Amino acid sequence: MTTTAIEVEIERPDLPPLPQPPIADLRFLEEVAAATAGVSRLEMCIQCGTCGGSCPPSADMDHTPRQLFAMIRAGMRDEALRSNTPWICVSCYHCVVRCPQGVHIADVMYTLKSMAIRAKLYKDSTAPDFSQTFVDFVENYGRSFEFGLATRHYLKHYPLRLPGMVPKGFGMLARGRMDLTPHRIEGLDQFRAILARAKELEAAS
Amino acid sequence: MTSPENSSPTERIGVYVCHCGTNIAGTVDVEDVAQWAAGRLKHRGVVIARDYKFMCSSLGQEMIEKDIKELGLTRVVVAACSPHLHEQTFRTACKRAGLNPYLCELVSIREQVSWVHADKVAATGKAKAVLSGGVERVLHHEALEPLRVPIHPATLVVGGGIAGIQAALEIADGGFPVIMVEREPSIGGHMAQFDKTFPTLDCAACILTPKMVSVGTHPNITLLTYSEVTKVDGYVGNFTVTVRQKARCVKTDLCTGCGVCQEKCPKKIIDEIYEAGLGYRKAIYVPFPQAVPKYPVIDRENCTYFQKGTCKACEKFCPTGAIDFNQEDEYITLQVGNIILATGYDLFDPRRIPHYGYGRLANVFTSLEFERLSNAAGPTNGRIVLRDGVTVPKAVGVVHCVGSRDRNYNNYCSAICCMQSLKFAHLVKERTGATVFNFYIDMRTPAKAYDEFYQRVLEEGTLFVRGRVAEVTDAARLAGEEGKLIIQVEDTLAGKQRRIPVDMVILSAGMQPRADAKEAAKLFGISCSADGWYIEKHPKLDPVATMTEGIFIAGCVQGPKDIPNTVVQGAAAAARVLGRIQQKEIALEPIRASIIEAKCSGCRICNNLCPFNAILFHEDRMVSEVNPALCQGCGTCVAACPAGAITGTGFSNEQVLAQIEGLLMLNLDGRRRVAEKAEAVLA
Amino acid sequence: MTKYLLYPGCSLESNARAYHDSLMAISGPLGLELEEIHDWNCCGATEYVGISLTPAYALISRNLALAAKQANGTRTVVAPCSACYLNLAKADYYMRESPRLGVKVNTALAAGDMHYTPGSLQIRHLLDVIMNDIGLETVKRGVVRPLTGLRVAPYLGCMVPRPDYEHRWSNPEYPTELDRVLKALGAEVIDFPLKTHCCGGHMTQIGPDVAYELIRRLVHAAAEYRADMMVTLCPMCQLNIDAYQGEMNRHFGTNYRMPILFFTQLMGLAFGKDPGELGIGRELVNAHAALARIGVEVPPAEAAPAPRKPRRPKEALPMPHMPEDMEVNQ
């Protein structure tokens, strides 16, 4: 008995076009892996949840680290970069040493932070601003400047808390644990040249 | 060496080039190759060259047989797949037609040509060269006869766990003698420590002890317990094994097993082996009441008499005078034909994972510790209680995958932990009514009635959390956690981190090879993988044989597995051995090395290189000799010998050099070509 | 005298000044010669690497390049601060593991006429050097006033024991190095279950609620184990647990008073140094009450009431045997 195959025409201009699929950028996983220092091993994740189980501040994260990795692998670029998870990460490295598959979780978190900044996709800017303020001082002086950092940060984000901080500030000052002026390194020009070049290289990659 | 240009063919060679469907024919022009052979290699002795779609098929083989008979072929060369696959096929075909099977050569133009090259012209050229090499080589083949060695009917079984017991009983029931060597004072292995077995919840001892008793009373089984193998010499069918029977310090012909010595012994120590460190035994002890044999053993390191010279209470009270402090280790030499290694596994040590708290936190237990707790003959008489020996837990957590599936410890899955964890959940619920949590990554319940057991445990109300436990801690952070053990885990299905307070934590620790597995493998001359499991001959098609003829493996020594699979492997190994014994002799491949005594200088470089311990050294004549029964023809010694004194049947120097000449097609236009080429290069 | 290049880091110059003071005070008795890297810059803490990868590693590597140039007779850089230590070690490690990164970093460094060959320096933490180079015997020999009777909770925090790519620590979750040093000083070291659990890091500035909870659990556990004080090696941890303890108490309505000192300060005390020299008094949660216990004449061991160990019922099952350096003090 012979059967005839049913042939379907591919080109059917008389039919309405199909709707676009929801955005799932499957290259996102590669992008994240490529932008991470060292070898991330992100593709090895078996979703066991050890990272989420170990993470001290996980209760305050939008997504547990494991959920975030599932989202990355599913290509959910926007949701992943908007998640507050990497900003809440405290870099305690519990997840890294316990992960049975050797995923470099903490480094992936750093990558997501810098990608979120570049794409301007963070919801709450407290954490990115804090990092940026810290970095601004370092780039200007070559050293961090806690007094400056604290005042600028609290003025911008928690102005109402500043008065409450004053006693502690005096306490630290009195015990010689805080400087009121920043310390500048000698080779500041050379230092800035290095950073400028590094930024060029980063933008090009 | 025959000189290519001016020899007249002395042999009649048949050449067969296989298409292998499109595997070879898709890249190599097989018809061309066959025609080329018929023409250009005629002067070397090729009388017929055919190509065919599938040489390994019956028609293909019949083609060869027909040609041998009708054309009087004296040599056959088949150009097809790798010899690993069909060398045996074509050799047997030749044999059927009356030609010695070793006068057949199979050259690979598939794995070595068509499967690795894309350029069809170049591939066809290479195929011709490979075939030419085969033709030159086969001219130097000799009609060999396989080596026949007799098989001694006795078998050595190393290890008295369920694998060894099964194997021993099958061989003994088959009518042949078995010697079983077991390191501990009693046989039984790990299975004797368990409480119940999954999925049937049979009592482990109840199903094991009848077999143990059979072994102990079987007329065909010689049981050597508290013994270890110290030396293995010989080869398949003829092993000479030395066994060290450690001194029990008890005369077994006088001992009645009454147990008074154990009662009176004043020295109580923690039993690390049988009770998994959870219970006690005396310095003179029988590991458990159903031990086979029933004779106790004195643990010299802990016996007051051996350490300080006093006490001797056992001797005083023994009603039959069976205690003998002067007993010495005995060395027994055995002759056996086959050896079955069934030495089992060790438990992964969870002290290596400090964030699970084992060893620091009192109420964290390993799986083996829990088995002893649950066992009615255990240290708590089967009451499931906390480490204080009194309190019944109200909430228990069972942790899967401890030390398994983890590149920080052991990469593999230990196969039994999921089922074992379900079993624990069931037992805890049944005995204590406690709330039980199981923490898993995946639920692995593949075999018969296994998933049904999972369903049962679900019905009983055990709570399952899909998440790998991150830590077990006693540091209370929230209300309700004080005084408890807190299991911190991400419930991946709910998407939240949870802190679950429990009273008791059971760690399903994985399986590991025995601590001395590598040394033991060396002793027996078999291969052991990097992580310590013994290597089977073929992982799919030959799981109980090893690369060493006459030595078999069964049970967890080959890799983690459950009891049904262990029993199957024990029986399989026994069946193989029985088959060998029935045949009374075994034919060994005649492809092996041999040392030309006249050329051997006695340097002994080859002796230690041999992976199969097949080379002996004769002190009187100062020469080495290859034992043909042990030699596997690997060629290491041939390459290593600085004097070139080692050659091999099946890979003699003449054969290899001839093959090279054929590959370089020097057989076609003779040495003139080499000379021309050399001139061209030097010019 | 063993010589090392010192990378102090920004904290040791400001909020962890006590760490610096005490380190200088004990280097003599330990035979530790420290030469500060000239004109070092900030390592970026955990902030820079979250902004941009190459500049972050270039920033760190300028220090490595300076140290390599300055190295005369020593190839080892000692960093007392956890974040600095981790950054320097990680930069060197990743540049070795990923040549692409190494090339980028050195291209950036070249703009300042600098270069660093990955692997040319050894980055070690101060505790590692004290344990493994100087050795506990030397430490014990320097002890003139044993800290007998002082119950301490050793606290290492996260970034020193982990991720430990070079395998310098006995265990990334449960290292015993700090315990052993403190024992060598004569102190009573408790088996602190949270010794490598996070203090909250920079969450005090970004998400204080998260940080307070993490600080609280540490302080509570130390109090539960009846520790007189916590002893740490990380400036951030000391800052969080010390300077933010008041706010944490206000947030939860609790009244913990758990002092936290640097281990170098305790070493200095045991070596007989004056508390002022060691920066004692710089802490906000005052350590004087706890230290009074060792400032006074210690009664002989027999007279001191032995802490009541809970009596084990005779039905109790034996505990598994643990290696010597993990002997537990309840």
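**Strand pairing and chain contacts around chain C**

In chain C, strand β1(C) runs parallel to strand β3 (residues 76–79), and 2 bridges join the two. C:L5 has C:V77 of β3(C) as its bridge partner. The model described here is a predicted one, and its chain C offers a good place to begin.

Strand β1, which spans residues 2–6 of chain C, is also joined to strand β2 (residues 32–36) of chain C. Here 5 bridges are found, and the strands again run parallel. Within this pairing, C:K3 stands opposite C:E33 of β2(C). β1(C) is thus bridged to β2(C) as well as to β3(C).

Attention now turns to the neighbouring chains. Between chains C and A, 52 residues of chain C are in contact with 53 residues of chain A. On the chain C side, the elements that give two or more residues are α3 (53–70), α4 (82–97), α5 (99–110), α9 (203–206) and α10 (208–224). Of these, α3(C) provides the largest share, with 6 residues. Sorted by class, the residues of chain C that touch chain A comprise 26 nonpolar, 17 polar and 9 charged.

Chain C also meets chain B, where 17 residues of chain C are in contact with 19 residues of chain B. The side of chain B that touches chain C is made up of 8 nonpolar, 5 polar and 6 charged residues.

How values were computed:
Residues numbered from 1 in each chain as written. Chains lettered and ligands numbered in written order. Predicted model: local features only at pLDDT ≥ 70, side-chain atom pairs only at ≥ 80, totals over all residues. Pairing = 2+ DSSP bridges. Helix = DSSP H or I, 4+ residues; strand = E, 2+ residues; numbered from the N terminus. Contact = placed C-beta atoms within 7 Å. Nonpolar A, V, L, I, M, F, W, Y, C, P; charged D, E, K, R; others polar.
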